[in-house]
Amino acid sequence: MSTQMLAQAGAPTPPTDALNQKIVQAVQLSNAETAQYAPSQIAIPPNMMITQAAGLVAQSAAAYFDGVSKLALASQGILLKEMTQNLVENQLEKAAEDALGVLATDILMGAAAAVAAAAGAMEAEAASFAIDRIDQSISKYAAVLQNHKSASS
């Protein structure tokens, strides 16, 4: 489309002998400038799709992160309630497992952040760092639980 418009702009002009030459010159200058900027101003459907793709990806990533974060927060709320109830009932092993579940939901949040980061909604390195820290915390906590179980056996 842009090529066709530029070809039309380069076509020979009709005779303008009967017109005021200053006006003709002004119109030709205006047409030339318009034709020069036409390719950058005209958006054909494929070009529009390409320019909109990044925005759509970012929007989808934000919606995904929002959904996963709501799910993770709801899960954490339930697990924290159960953990508190187990602590009150002096069921420490169940409470510890619930606490591990709370930490596991943090992994969901980190994974959702990584997906959003990959889409450009967040900085990928920061999301990766957060996931690594969460993994380390869960590993330490799981090791403490395992040591406690083997010591009490």
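Trainee: Why is N86 called buried?

Mentor: In this predicted model, N86 has a relative accessible area of 10%. The cut-off for buried is under 20%, so N86 counts as buried.

Trainee: Where does N86 sit, and what makes its link to D98 a polar contact?

Mentor: N86 belongs to helix α3, which covers residues 45–88. Its side chain comes to 2.7 Å from the side chain of D98. A pair of N or O atoms has to be within 3.5 Å, with one able to donate a hydrogen and the other to accept it, and the pair formed by N86 and D98 is listed as a polar contact at 2.7 Å.

Trainee: Which residues does N86 touch, leaving aside its neighbours within four places in sequence?

Mentor: They are Q91, K94, A95 and D98. Contact here asks for heavy atoms within 4.5 Å.

Trainee: What makes K70 and D66 a salt bridge?

Mentor: Their closest N and O atoms are 3.2 Å apart. The limit is 4 Å between a side-chain nitrogen of Lys or Arg and a carboxyl oxygen of Asp or Glu, so K70 and D66 qualify. As background, side chains of opposite charge can pair when their charged atoms come close.

Trainee: How many salt bridges does the whole structure hold, and where do K70 and D66 lie?

Mentor: A search of the whole structure gives one. Both K70 and D66 are in helix α3, four residues apart, which is about one turn of the helix.

Trainee: Are K70 and D66 buried, partly exposed or exposed?

Mentor: K70 has 53% relative accessibility, and exposed means over 50%, so K70 is exposed. D66 has a relative accessible area of 36%. That value falls between the 20% and 50% cut-offs, so D66 is partly exposed.

Trainee: What does the backbone oxygen of D66 lie 2.9 Å from?

Mentor: A polar atom of the side chain of S69. S69 is in helix α3 too. With a relative accessible area of 10%, set against the cut-off of under 20%, S69 is called buried.

Trainee: Why is L73 called exposed, and L80 partly exposed?

Mentor: Both residues are in helix α3. L73 has a relative accessible area of 53%, and the bar for exposed is over 50%, so L73 is exposed. L80 is at 38%, between the two cut-offs of 20% and 50%, so L80 is partly exposed.

Trainee: How far apart in space are L73 and T105, and L80 and A95?

Mentor: From C-alpha to C-alpha, L73 and T105 are 7.8 Å apart in space and 32 residues apart in sequence. For L80 and A95, the C-alpha separation is 8.8 Å, with their positions 15 residues apart along the chain.

Trainee: What makes N90 stand out, and why is it called exposed?

Mentor: N90 has a positive phi of about 60 degrees although it is not a glycine. Its place is the loop between α3 and α4. A relative accessible area of 59% is over the 50% cut-off, so N90 is exposed.

Trainee: What is the secondary structure of the protein chain?

Mentor: Five helices and zero strands, in the order α-α-α-α-α along the sequence. Of its 153 residues, 18% count as buried. The chain exposes about 11,100 Å², and carbon and sulfur atoms supply 63% of that area. Of the contacts with a separation of 6 or more, 66% come from residues 24 or more positions apart.

Trainee: Where is confidence lowest, and where is it highest?

Mentor: Lowest in helix α1 (residues 2–9), with a mean pLDDT of 64, and highest in helix α4 (residues 92–118), at 81. The chain averages a pLDDT of 76, and 72% of the residues score at least 70. Where pLDDT is low, the predicted coordinates should not be read in detail.

Conventions
Residues are numbered from 1 along each chain as its sequence is written. This is a predicted model: local features need pLDDT of at least 70, side-chain atom pairs count only at pLDDT 80 or more; totals for chains, interfaces and linings use all residues. Side-chain values use heavy atoms; hydrogens and water are left out. Helices (H or I, at least four residues) and strands (E, at least two) are DSSP runs, numbered from the N terminus. Buried means under 20% relative accessible area, exposed over 50%, partly exposed in between (1.4 Å probe, protein chains only). pLDDT is the predictor's confidence in each residue, from 0 to 100. Accessible areas come from the Shrake-Rupley method with a 1.4 Å probe; for residues, only the protein chains shown count as cover.
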